[in-house]
Amino acid sequence: MACKKNATCACKAAPKKAKTAVAAKLPTQHQELLAWVKDFAKLTQAKDVVWCDGSKREYNELCDLMVKGGVFTKLNSKKRPGCYLARSHWSDVARVEDRTYIACANKEDAGPNCNWIEPAELKQTMTGLYKGCMKGRTLYVIPFSMGPVGSDIAKIGVELTDSPYVVVNMHIMTRVGTKVLKQLGAHGSYIKCLHSIGSPLKAGQKDSTWPCAPIEKKYIAHFTETAEIWSFGSGYGGNALLGKKCLALRIASFLAKQEGWLAEHMLILKLTSPEGKSYNIAAAFPSACGKTNLAMMEPKIPGWKVETIGDDIAWMKIKEDGRLWAINPESGFFGVAPGTSMDSNPNAMRTITKNTIFTNCALTDDGDIWWEGMGVPAPAHVINWKGEDVTLTVNDQGKKVYANAKGEVGPAAHANARFTAPATQCPVIASNWEDPAGVPIDAFLFGGRRPTVIPLVNQAKDWTHAVFMGSAAGSETTAANLSQIGVVRRDPMAMLPFFSYNTADYLLHWLTMPLRTDPTKLPKVFFTNWFRKDEKGFMWNGFGDNARVLKWVCERIEGKGKAVETAIGFLPTPDAIDMDGYVDAGRDAACLKATMEALLSVDVEGWKSEVAAVQDSYKKFGARMPFALTAKLAEITKALEAAK
Ligand code: OXD
Ligand code: MN
């Protein structure tokens, strides 16, 4: 970490001599980048400027600094070597979707799924907020690469931030430092990412452990037409680690449309059959549908192997062979902790045994972390995510809960508590996960949490049908009354929080993919639903048993795999899914057979309502909605009418 009190520093107190001495060793020859950093340092009145080199030393020094400042607690180095716990402010615990903005010239280009603000107006507001916002703080310059440095699919960004927490998280989640500046050279292009926690420090003022701005001052802004990200007021996750949702999804998907590629909210996994044939599958599920679990799954069918390439984002380009090649632009996992256990995701649990940053988890008396759903008994006493001493008590309903000294009850870990862990630590990371060329994608999965109607798996009949399926994705927001379809939050292609331009235009972009290549070379597309319920509860085990569905997907890729053509797509015949060794303690053989039949058949009445609901969800896009999708909708409706 090189602190340059030099031309890039706005610090008036910097001695003249130092300025000239270090100027010779500027971190980059990129004059435009140097000038941009200098201007921002001046605007924010940062106390000094540090160019991050991405070294282990820099990471350790910043962690030590945060331990000293009370921001980080070092965990028990026997139990969790190299691990730290941070607690955020109670008001800064998740992505703030209603403070996330898309700024482009025409409101219609942002469309109904984006919060739009006119770019000049937003820049004026935010420039006002940035003025003096780093007083008393260091401005860190983080050059980072999304994707392996030098990959033809990768992109370089530079984040300017006053948060050391952001720097160390970016170290894990992206490739940071000198190697990136070298790749950028003197004239390379990069995406400008401005970030401030929005909490200047007065001289002598004691810092808080999680400084941030009040909610009405938080802005997560994307100036799509100039590919700039401006973030203010939050230090948490996707609001602040700007390589992730802001760059790799919102800005990248905007660029992808212009440049003819895809930037998607998808995991990438490599599945290998007992015969040794590998398939690459990318899957888009809304948040909280188990993307990380699927990406690291331990298959329950002998001989099949899953390896991880990515758990959240895929960038995909058509290459000379006509196939779609994907990279994971990230280099770490920013996973939701609660619910992660040796049952739900053993490989994630193994990944986070060392060198991991935990945020908003509970701290145990022996210096380890704990969360609800971890699969280990709740300790009698922990420090909860708010930093309070809480003890395990039994409430009126006989349930064990944590209570503080005032008797107030609440979860020990925040529901959105996270771990930030290096991808290389995942025991099932694929050996080729960093191949700069990427991997060719064989299949796409779309999905969501749908307790009723939607079958376990359904293959699209053609590309337009595939895009239709993606457009209809979503999860039920309420516990469904089984006699009716619950409230579905439509989340097209699982991109709802990440759209940066009109969803109708996004779907049109997907529809044009077959015009860019030999359509037979595009991935086969499936819709999966692990979450169907009946009176006995979940109808499908999920987790490692999902490999059974993936096996059928591979068979379909090979042109095998028994299926029946229905009004809604190709469904597996009742015997097509390998159920050898499948156990559901609550269902005997006869019940299981009936359950599978229900999971793999068309609920015609339910589907008529489903199609009507999808049609309804299209209305807000008006004439901008691609005709091909409305036509597909009409075709399915007609087929359903004929299906009885
Ligand atoms: C995430 C999300 O954090 O999708 O990955 O919300
Ligand atoms: Mn995500």
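**Figure 1. Thr595 in helix α16 of the predicted model.** Our opening view, taken from a predicted model, settles on Thr595, a residue of helix α16, which runs over residues 589–599. Is Thr595 buried or exposed? With a relative accessible area of 4%, Thr595 is buried, because the cut-off for that label is under 20%. Look next for Arg587: its side chain and the side chain of Thr595 make a polar contact at 3.1 Å. Once neighbours within four places in sequence are set aside, Thr595 is in contact with Met539 and Arg587.

**Figure 2. Helix α12 and its start.** Here we follow helix α12, residues 463–471, which is mostly covered. How many of its nine residues are buried? The count is eight. The buried residues of α12 include the aromatic-ring carriers Trp463, His465 and Phe468, and Ala466, Val467, Met469, Gly470 and Ser471 are buried as well. At the start of the helix, have a look at Asp462: one of its side-chain oxygens comes to within 3.1 Å of the backbone nitrogen of Thr464.

**Figure 3. Two residues with positive phi.** A little background helps with this pair of views: most residues other than glycine have a negative phi. Ala227, although not a glycine, has a positive phi of about 50 degrees. You will find Ala227 in the loop that links β10 (219–223) and β11 (228–232). Ala227 has a relative accessible area of 17%, so it counts as buried under the 20% cut-off. Phe543 is not a glycine either, and its phi is positive at about 45 degrees. Where does Phe543 sit? Its place is the loop between β33 (537–538) and α15 (546–557). The relative accessibility of Phe543 is 42%, and this residue counts as partly exposed.

**Figure 4. Domain 1 against domain 2.** Stepping back, the domain assignment of the protein chain gives domain 1 (16–69 + 97–259), domain 2 (263–331 + 431–642) and domain 3 (334–422). This view is about the meeting of domain 1 and domain 2, whose C-alpha centres are 35 Å apart. Each partner brings residues to the contact: 34 from domain 1 and 34 from domain 2. Between them the two domains bury about 3,000 Å², with 55% of that area on carbon and sulfur atoms. Which three residues supply more of the area that domain 1 buries against domain 2 than any other three? They are Asn113, Ile153 and Leu249, and they supply 23% of it.

**Figure 5. Polar and charged links between domain 1 and domain 2.** Now for the pairs that join the two sides. Seven salt bridges are counted between domain 1 and domain 2. A close-up of Lys244 and Asp312 shows their side chains meeting in a salt bridge, 2.9 Å from N to O. The tally of residue pairs in polar contact between domain 1 and domain 2 is 25, with both residues at pLDDT 80 or more. On the side of domain 1 that touches domain 2, the elements giving two or more residues are α4 (107–110), β6 (138–146), α6 (164–173) and α9 (243–259). Helix α9 gives the largest share of that side, 11 residues. By residue type, the side of domain 1 that touches domain 2 divides into 16 nonpolar, eight polar and 10 charged residues.

Technical notes. Residues numbered from 1 in each chain as written. Chains lettered and ligands numbered in written order. Predicted model: local features only at pLDDT ≥ 70, side-chain atom pairs only at ≥ 80, totals over all residues. Heavy atoms only, no water. Domains from an automatic or database assignment. Contact = heavy atoms within 4.5 Å. Buried area = accessible area lost by both parts, 1.4 Å probe. Salt bridge = Lys/Arg side-chain N within 4 Å of Asp/Glu carboxyl O. Polar contact = N/O pair within 3.5 Å; in protein donor to acceptor, adjacent residues only side chain to side chain. Helix = DSSP H or I, 4+ residues; strand = E, 2+ residues; numbered from the N terminus. Nonpolar A, V, L, I, M, F, W, Y, C, P; charged D, E, K, R; others polar. Buried < 20%, exposed > 50% of the residue type's maximum accessible area, 1.4 Å probe, protein only.
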